[in-house]
Amino acid sequence: MKPRTGAAVTLAGCGKTFADGTRALAPLDLSVAAGETLVLLGPSGCGKTTLLRIIAGLESPDAGGRVLFDGADVTALPIEKRNVGMVFQSYALFPNMNVRENVAYGLRVRGVGKAERSRLADEVLEMMRIDALAERRITQLSGGQRQRVALARALAVRPKAILLDEPMAALDAALREHLRGEIDALLRRLSITAVYVTHDQAEALALGDRIVVMREGEIAQVGTPREVYERPADAFVASFVGTTNRLEGTVRGGRFACAAGTMALDAPDMPKAALLFRPEAARLVLDPPAGLVLKVEQVQFQGARQKVTLCTPDSVRVVVETPPDLEIAPGMLMGLALDPNRFSLV
Ligand SMILES: Nc1ncnc2c1ncn2[C@@H]1O[C@H](COP(=O)(O)OP(=O)(O)OP(=O)(O)O)[C@@H](O)[C@H]1O
């Protein structure tokens with residue numbers, strides 16, 4: 001299959017309130033660059049699927065909202081005129097057709113002739129490495145194979161964008177991880193614009209060029225996986241993506257103070273401050289002279305690293321990852337040194 005580039009997708013002022021009064025989305029602006037994989041991440045009910053359906057043309061935004069593909073307004077166009085491919089958790093394959101017929105379905109709807117349909121379908125089946133299954137019925141396939149067929153069907157029409165709604169939620173963890181790598185490689189190879197809905201943070205971090213973290217119909221943060229992970233915009237994002245430590249205290253005169261001690265911190269005075277950091281953004285220092293001092297509670301050896309749980313005098317737990325050769329035992333007092341670029345203050 002020839003490489004191609006998908007369309008740039010822009011949402012301008014797109015909100016959605018359903019007929020029963022449920023506000024699924026506050027009016028929001030969002031751009032997906034051509035060829036980019038954008039992941040929508042957030043808890044159940046935060047509006048991810050609604051946003052995806054608005055891009056697809058399965059749902060229209062409230063008055064004033066606009067959807068643009070490569071700058072052209074497609075707001076009024078139904079899904080069949082937008083040339084998007086969709087993949088759902090439920091596969092939504094036709095059980096009465098074989099694999100090749102399923103993959104060729106979108107081409108048939110678009111009026112592509114029989115021979116050409118077959119050729120294009122076989123091309124995509126080969127690319128997805130399921131060409132050997134072309135004659136099989138859908139009921140004769142495993143979950144992972146069905147999802148490959150669903151993906152092949154979405155790609156066969158050479159869509160401007162592919163929209164994936166929790167496509168791997170029904171698969172087991174090992175298969176999900178394997179397929180995740182394949183989908184990632186495929187989307188990159190084809191330079192296709194993709195919007196991928198998930199509530200699985202590991203999937204979001206691994207797949208997304210950028211991640212949109214959503215909360216109650218609003219965008220909490222947009223950023224690269226690294227930005228969202230290392231510099232979460234607020235406590236909600238921090239707690240939703242990865243393990244986060246939280247120390248509450250104050251900032252005064254360039255020092256952060258909490259129950260565990262004080263440390264220099266280049267920030268304006270804050271009467272109430274929370275320091276958020278990841279387990280790998282801190283180091284433990286033996287024989288702490290001053291600074292933040294915590295008591296080791298538990299040490300878990302994990303092969304390449306060890307996970308150390310510590311406790312502040314006011315019983316707040318902090319998790320730190322250290323190299324496995326650092327000799328630590330429960331009961332020891334350790335200094336906590338933070339990587340200056342890898343914490344947030346909220
Ligand atoms: N047709 C509808 N009519 C009324 N409310 C709806 C409709 N579709 C969705 N909603 C509501 O809109 C909100 C957002 O739903 P949406 O499906 O977009 O969330 P989601 O983030 O995709 O959730 P999940 O991860 O559970 O699929 C929810 O409160 C949902 O109940």
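These questions and answers concern a predicted model.

Q: Which helix gives the most residues to the shell around the ligand?
A: The ligand is surrounded by 13 residues, and the closest include Thr 49 and Thr 50. Both of these numbers fall within the range 48-56, which is the span of the helix that contributes the most, with three residues. That helix is H1.

Q: Which class of residue, nonpolar, polar or charged, has eight members in the shell around the ligand?
A: The shell has three nonpolar residues and two charged ones. The class with eight members is polar.

Q: Which residue takes a positive phi in the hairpin of E11 and E12?
A: Strands E11 (residues 245-252) and E12 (residues 255-258) run antiparallel and are joined by three bridges. Arg 252 stands opposite Arg 255, and the hairpin has two residues between the strands. The one with a positive phi, near 55°, is Gly 253.

Q: Which residue in E13 stands opposite Cys 258?
A: E12 also pairs with strand E13 (residues 261-264), in the antiparallel sense and over four bridges. These two strands form a hairpin with two residues between them. Opposite Cys 258 stands Gly 261.

Q: Where does the largest nonpolar core lie with respect to domain 1 and domain 2?
A: This core has 91 residues, and Ala 152, Ala 156 and Val 195 have the most contacts inside it. Helix H4 (residues 143-156) supplies its largest share, seven residues. Because domain 1 (9-239) and domain 2 (243-345) both give residues to the core, its place is between them.

Conventions. Residues numbered from 1 in each chain as written. Predicted model: local features only at pLDDT ≥ 70, side-chain atom pairs only at ≥ 80, totals over all residues. Near = placed C-beta within 6 Å. Nonpolar A, V, L, I, M, F, W, Y, C, P; charged D, E, K, R; others polar. Pairing = 2+ DSSP bridges. Core = buried A, V, L, I, M, F, W, Y, C linked by C-beta atoms within 7 Å. Buried ≥ 20, exposed ≤ 12 C-beta atoms within 10 Å, placed from the backbone. Domains from an automatic or database assignment.
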